Amino acid sequence: MTSLLEARKISKSFPGVKALLEVSIHLAAGSIHALLGENGAGKSTLIKIITGIHRPDSGELVLDGKPFHFNGPREAIAAGIGVVHQERNLIPRFSIGENILLDRLGGSLLKPIDYESVHKEAKRWLDLLELDLDPRTQVSQLSVAKMQLVEIAKALSLQSRVLLLDEPTASLTSHETVALFSLLKKLRDDGVSILFVSHKLEEVQEICDTVTVLRDGSNACDSQSMANLGRQDLVRLMIGRNEQIPTVELRDHTLAKPVLDLINVATELGHADINLTLRKGEILGLYGLVGAGRTELAKSIIGRYRVTGGNVLVNGQRAEINSVADAIDVYGIGYVSEDRKQEGLILIHSVLDNASIPIWKRLAARFGVLTNRDVKAAIAPLVDQLEVRTPSLEQLVGLLSGGNQQKISLIKWLAANVNILIVDEPSVGIDIKTKAYIHELLRKLSSEGTSVLLITSDLPEMVALADRILAMDQYRVKGEVTNTRNYAEVSEKIMGLIHS
Ligand SMILES: Nc1ncnc2c1ncn2[C@@H]1O[C@H](COP(=O)(O)OP(=O)(O)OP(=O)(O)O)[C@@H](O)[C@H]1O
Ligand SMILES: [Mg+2]
């Protein structure tokens with residue numbers, strides 16, 4: 001097959017980091033091409049080089065048989081290359097419609113922007129993704145998943161012939177992914193060349209025709225057909241060995257002491273009659289579809305939103321949690337936000353500073369004065385264990401790959417030694433090897449006595465980790481399922497509760 005777009009022996013270094021080493025890839029028209037690799041392998045860097053955000057140190061880019069390079073993203077768009085970057089690029093104060101048509105808004109003193117037609121055009125693209133959103137809504141009002149979908153709608157609206165998608169499904173649930181995939185298949189059949197980055201191998205096997213795998217910045221394979229590659233083949237190309245799937249014991253905490261009780265809780269966001277008990281050392285799962293109110297419940301527990309009815313008990317005592325500071329300092333409750341970029345990390349600070357924010361008070365209390373060495377001693381083992389790819393602990397977090405940034409925001413809480421840890425989507429954007437380490441860490445923490453409230457849209461993850469699972473829908477708890485670790489059985493029961 002002839003290539004529409006080719007990268008030949010591209011190399012790129014950043015200070016202290018060789019990101020790409022003679023990497024090649026061949027994208028054909030009318031095909032969906034997977035780009036795989038562990039966190040930090042170089043996937044996003046390759047996309048940024050193709051779209052002219054970074055300049056390669058050496059190597060060549062070829063479009064329609066002719067060498068090219070772009071001086072910036074606008075030139076890429078003009079050449080028919082659309083992209084959804086891993087990090088969100090929407091303007092929060094603007095409406096959905098304005099964001100989708102941002103590059104083509106036009107408007108001037110004499111000819112003001114025609115908002116009517118902007119919103120009509122935007123609606124067309126939202127409908128294609130089966131997104132029931134009003135294009136007049138401000139982007140800042142949207143959940144992480146919805147923002148991701150708006151960004152995809154924006155790329156689609158350019159009607160490019162090459163579409164580069166850097167982890168477009170990272171925060172989507174399976175329901176939303178289905179709608180996206182049927183659209184991508186249609187575009188492929190119309191001749192579009194699509195590059196698809198994902199850590200979810202089931203998705204990759206479902207829709208991709210060809211695959212390129214990067215390992216440590218080099219090709220582990222270049223543009224092979226997916227036809228003869230199974231899951232373990234892909235895993236071996238990515239990490240150099242087979243996947244290890246641990247068997248996880250069943251645990252029963254019915255006799256353990258309750259550490260957090262919600263009794264008939266209502267919130268200002270619309271939760272009602274919420275009853276739940278989290279026991280010492282237990283992992284309690286909250287499962288629900290997008291919009292079920294799980295993240296919102298977590299944020300109400302930690303005092304971000306107001307509890308307007310019922311009682312919250314911590315260790316059996318009535319608790320008044322009015323702020324996130326109360327939650328951590330008074331009650332020992334930590335929250336790993338799903339929106340790590342917005343809430344979790346300070347990108348212009350170092351790995352060390354970021355990871356140590358919640359623990360520094362604790363360490364300071366223990367040691368009196370806190371030196372960099374104390375902090376390092378607490379953080380470094382986790383940075384090692386989760387294989388954070390960083391030249392040093394002094395590196396700015398904003399310069400790490402997306403998945404490695406996620407690891408830092410988790411590490412800071414894993415090290416914080418809280419009594420109750422609420423984790424929201426712990427493995428979004430994390431490669432399969434690290435995901436297994438994170439699961440191991442969460443199990444270890446809980447067996448040492450930390451109680452975990454787990455929110456995840458990844459049902460296999462829920463079944464692998466939780467001891468019990470509460471099903472939520474429309475800001476209510478619909479019921480409870482005891483986890484037997486049998487995926488088919490547990491998922492059927494949960495779905496039954498949600499739809500009851
Ligand atoms: N602007 C930059 N300055 C310094 N280092 C960088 C920069 N951009 C990327 N890197 C480094 O280059 C390497 C490759 O990063 P890249 O973002 O391409 O990885 P990735 O494969 O997309 O990973 P992920 O799955 O985590 O998104 C990483 O070690 C990263 O820290
Ligand atoms: Mg990336």
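**Contacts, domains and ligand shell of the predicted model**

Asparagine 99 touches Leu90, Ile91, Phe94, Val139, Val150 and Lys154, when residues up to four places away in sequence are left out of the count. The structure described here is a predicted model, and asparagine 99 is placed in it within helix α3, which comprises residues 96-100. Because asparagine 99 has 23 C-beta neighbours inside 10 Å, and 20 or more are required, the residue counts as buried. Leucine 255 lies 156 residues from asparagine 99 along the chain, and the C-alpha atoms of the two are separated by 52 Å.

At the level of the whole protein, the domain assignment gives domain 1, covering residues 5-239, and domain 2, covering residues 258-498. The C-alpha centres of these two domains lie 29 Å apart. The contact between the domains takes 20 residues from domain 1 and 20 residues from domain 2. On the side of domain 1 that touches domain 2, the elements giving two or more residues are α5 (144-157), α6 (174-189) and α8 (231-239). By class, this side of domain 1 is made up of 6 nonpolar, 10 polar and 4 charged residues.

Both domains also take part in the surroundings of ligand 1, since the shell around ligand 1 draws at least three residues from each of domain 1 (5-239) and domain 2 (258-498). In total, 19 residues surround ligand 1, and the closest are Phe14, Ser44, Thr45, Ser401 and Gly403. Strand β2 (17-27) and the helices α1 and α15 (402-414) are the elements that give two or more residues to this shell. Divided by class, the shell around ligand 1 holds 6 nonpolar, 11 polar and 2 charged residues.

Helix α1, which contributes to that shell, spans residues 43-50, and 8 of its 8 residues are buried, so the helix is largely enclosed by the rest of the structure. The buried residues of α1 are Lys43, Ser44, Thr45, Leu46, Ile47, Lys48, Ile49 and Ile50; among them, Ser44 and Thr45 also belong to the closest residues around ligand 1. Just after α1, glycine 52 takes a positive phi of about 80°. Helix α9, formed by residues 294-301, is mostly covered, with 6 of its 8 residues buried. In α9 the buried residues are Arg294, Thr295, Leu297, Ala298, Ser300 and Ile301, and just after this helix glycine 303 takes a positive phi of about 85°.

An open sheet of 6 strands runs in the order β16-β17-β18-β13-β19-β20, with mixed pairing. The edge strands of this sheet are β16 (333-336) and β20 (476-482), each of which pairs on one side only. Neighbouring strands of the sheet are turned against each other by 20° on average, with direction ignored. At one edge, β16 and strand β17 (residues 420-424) pair in the parallel sense over 4 bridges, and within this pairing isoleucine 333 has isoleucine 420 of β17 as its bridge partner.

Two helices that pack on this sheet can be described in turn. Helix α16 (residues 432-447) packs on the sheet and touches β13 (283-287) and β18 (451-455), with its direction making about 145° with that of β18. Helix α18 (residues 487-498) likewise packs on the sheet, where it touches β13, β19 (468-473) and β20, and its direction makes about 160° with that of β20. Strand β13 is thus touched by α16 and also by α18.

Positive phi values also occur at residues other than glycine. Glutamine 474, in the loop between β19 and β20, has a positive phi of about 45° although it is not a glycine. Because glutamine 474 has 14 C-beta neighbours inside 10 Å, it counts as partly exposed. Glutamate 130 is found in the loop between α4 (115-128) and α5, and its phi, near 55°, is likewise a positive value in a residue other than glycine. With 14 C-beta neighbours inside 10 Å, glutamate 130 counts as partly exposed.

Definitions and conventions: Residues numbered from 1 in each chain as written. Chains lettered and ligands numbered in written order. Predicted model: local features only at pLDDT ≥ 70, side-chain atom pairs only at ≥ 80, totals over all residues. Pairing = 2+ DSSP bridges. Axes fitted to C-alpha atoms, helices over the stretch in contact; angles between N-to-C directions. Contact = placed C-beta atoms within 7 Å. Buried ≥ 20, exposed ≤ 12 C-beta atoms within 10 Å, placed from the backbone. Domains from an automatic or database assignment. Nonpolar A, V, L, I, M, F, W, Y, C, P; charged D, E, K, R; others polar. Near = placed C-beta within 6 Å.
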